[in-house]
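Let's take a look at a small report on one protein chain. Have the sequence and the 3D view ready as you read.

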Amino acid sequence: MTSGTVRKFRDDTGMSTAEYAVGTVAAVGFAAVLYAVIHSSATRTLLTNIINRALSIQF
């Protein structure tokens, strides 16, 4: 490059359509995993035990 040459870069602010698609797929995948964990019997048992212990504490 010579000293008088100015490099021009494209403005890449924001996401492209492909990036939106990848982000959406990742968010849906995370939501599906979270849904499966929340609705599993182990999680339900754990939450029930925590609530029962909290309600049985003597003040």
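## The chain overall

Just 2% of the chain's 59 residues are buried, where buried means under 20% relative accessible area, exposed means over 50%, and partly exposed is in between (1.4 Å probe, protein chains only). This is a predicted model, in which local features need pLDDT of at least 70, side-chain atom pairs count only at pLDDT 80 or more, and totals for chains, interfaces and linings use all residues. Numbering starts from 1 along each chain as its sequence is written, and side-chain values use heavy atoms, with hydrogens and water left out.

You'll find two helices and zero strands here; these are DSSP runs numbered from the N terminus (helices: H or I, at least four residues; strands: E, at least two).

## Helix H1

Helix H1 covers residues 17-38, and Leu-34 is part of it. Leu-34 counts as partly exposed because its relative accessibility is 44%.

## Helix H2

Now over to Thr-43, which sits in helix H2 (residues 41-55). Is Thr-43 buried or exposed? Thr-43 is buried, because its relative accessible area is 18%. Leaving aside residues up to four places away in sequence, Thr-43 touches Val-37 and Ile-38; a contact means heavy atoms within 4.5 Å.
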